[in-house]
Amino acid sequence: MQIRAAEPVLKTAPAEPDSPAMKDWDLAYSNVLHVQNSAQFPPQWQQKSQSFREQMQAQNRLIADVRYGSEERNLLDVVMPQGQPRGLVVFVHGGYWVRFDKSYFTWLAAGAVAHGFAVAIPSYTLCPQAKISDITAEIGMAIVQAASMVAGPLHLTGHSAGGHLVARMGTVTTPLSRSLQQRLRKIVPISALSDLRPLLNLKMNDDFRLDLEQARKESPALLEPLNGIDVTAWVGSAELPEFIRQNQALANLWSGFDLSIDEVAEPDKHHMDIIDGLADADHVLTRRLLCL
């Protein structure tokens, strides 16, 4: 038997704090700084949502402020299609678990309701009032409530922190019951934060209050997915490298399990406009979500 000498181990001296080799984690996750005119997007979302809500209310197709839990923000809206729903879509908003509510995102229901699906959009308790694990539980409760109102297959999508939350629903530690798991038809996390460990480096962790144990327990990419689910990990090609990496990580790590998963990098889309396709009935994002 031939014994080979061990290869020498090359060690790199730790970088000094001001060294270019040290990653600026806050910058790496700052979509506000990365996207030009980023401050213009939330007011536009609100304006589009208000217009769409008025349209749906005029047609008696908006069920507003349905309570799903005891906390102040445990409310959801349901936009109904014309006629009997073909199934239920749940959209979970982002904002790093610290901002926004359902009122910004009603307009995104347009694509799915045009195809005959009902769309539920919950608000949830924000950090630091809640921990991310608490929000995971709340989204489970919101889905239970919405699914009690609309029968049929269940399709989940969410953006950024909301992408994390819907991916989290597809793990073996999901708060969803077995009967709801059996209704799951599709999960589309959009620009999802699938591995929360890098967020320990962010100033925003003062609000998240994550430690390493919690980051591991709440990271979909580090958890086993449910068998047999169908997932598309979606991101914009013009997003920050960390969001593209996070999308790839989820698709890569879950591809070793018994499920269907693929990844899409939509050309020329950044973090603020990657969700636009959900409002378009003919957009590939809407069609992929609805399995059309």
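Is K102 buried or exposed? In this predicted model, K102 is buried, with a relative accessible area of 8%. Buried here means under 20% relative accessible area. The charged side chain of K102 has partners. One is D65, and the two side chains meet in a salt bridge at 2.7 Å, N to O. This pair links distant parts of the chain: K102 sits in the loop between β3 and α4, D65 sits in strand β1 (residues 62-67), and their positions lie 37 residues apart in the count. D65 counts as partly exposed, because its relative accessibility is 44%.

The other partner to look at is D77. The side chains of D77 and K102 form a salt bridge of 3.0 Å, N to O. Again the pair links distant parts of the chain, with D77 in strand β2 (residues 75-79) and K102 in the loop between β3 and α4, 25 residues apart. D77 counts as buried, because its relative accessibility is 2%. R53 joins in as well: R53, D65, D77 and K102 are linked in a network of salt bridges. Side chains of opposite charge can pair when their charged atoms come close.

A search of the whole structure finds 11 salt bridges. Another of interest joins D230 and K186, whose side chains meet at 2.8 Å, N to O. D230 lies in strand β7 (residues 230-236) and K186 in strand β6, so this salt bridge ties together parts that are 44 residues apart in sequence. Both D230 and K186 are buried.

Now turn to the strands. Start with β3. Five of the five residues of β3 are buried, so the strand is largely enclosed by the rest of the structure. Both of its faces are covered. L88, V90 and V92 are buried on one side, and V89 and F91 on the other. Which strands pair with β3? One is β4, which pairs with β3 in the parallel sense over three bridges. There, V89 has V119 of β4 as its bridge partner. Another is β5, which runs parallel to β3 and is joined to it by five bridges. In that pairing, V90 has L156 of β5 as its bridge partner.

Strand β5 (residues 154-159) also holds H155. H155 counts as buried, because its relative accessibility is 1%. A polar atom of the H155 side chain lies 2.7 Å from the backbone oxygen of L289. Beyond its neighbours within four places in sequence, H155 is in contact with residues including L88, V89 and V90, and also F117, K186 and L289. Just before this strand comes a loop, between α5 (132-149) and β5, and V150 is in it. V150 is buried, with a relative accessible area of 3%. Not counting residues up to four places away in sequence, V150 touches M80, P85, G87, L88, A118 and R183. The C-alpha atoms of V150 and R86 are separated by 8.9 Å, although the two are 64 residues apart along the chain.

Helix α6 (residues 161-169) is next. Nine of its nine residues are buried, so α6 is largely enclosed by the rest of the structure. Among these buried residues are G162, H164 and R168. What covers them includes β3, α5, β5, β6 (184-190), α9 and α10 (241-254).

What of the nonpolar interior? The largest nonpolar core has 57 residues, and L88, W97, I143, L156 and L199 touch the most other members. Helix α5 gives the most to this core, with seven residues. Apart from it lies another core, of 32 residues, among them Y104, A109, F117 and L285. In soluble globular proteins, nonpolar side chains tend to be buried together. L199 touches W97, and also Y29, L193, N205, F208 and L210, leaving out residues up to four places away in sequence.

A few backbone details close the tour. W97 is in the loop between β3 (88-92) and α4 (110-114). W97 counts as buried, because its relative accessibility is 0%. Its phi is positive, about 60°, although W97 is not a glycine. R209 also has a positive phi of about 60° without being a glycine. R209 is found in the loop between α8 (205-208) and α9 (212-217), and counts as partly exposed at 39% relative accessibility. Finally, the peptide bond from C127 to P128 is cis, with omega near 5°. P128 is in the loop between β4 (118-122) and α5.

Notes:
Residues are numbered from 1 along each chain as its sequence is written. This is a predicted model: local features need pLDDT of at least 70, side-chain atom pairs count only at pLDDT 80 or more; totals for chains, interfaces and linings use all residues. Side-chain values use heavy atoms; hydrogens and water are left out. Helices (H or I, at least four residues) and strands (E, at least two) are DSSP runs, numbered from the N terminus. Buried means under 20% relative accessible area, exposed over 50%, partly exposed in between (1.4 Å probe, protein chains only). A polar contact is a pair of N or O atoms within 3.5 Å; within protein, one must be able to donate a hydrogen and the other to accept it, and residues adjacent in sequence count only if both atoms are side-chain atoms. Contact means heavy atoms within 4.5 Å. Two strands pair if DSSP finds at least two bridges between them. A nonpolar core is a set of buried Ala, Val, Leu, Ile, Met, Phe, Trp, Tyr and Cys residues joined through side-chain atoms within 4.5 Å. A salt bridge is a side-chain nitrogen of Lys or Arg within 4 Å of a carboxyl oxygen of Asp or Glu.
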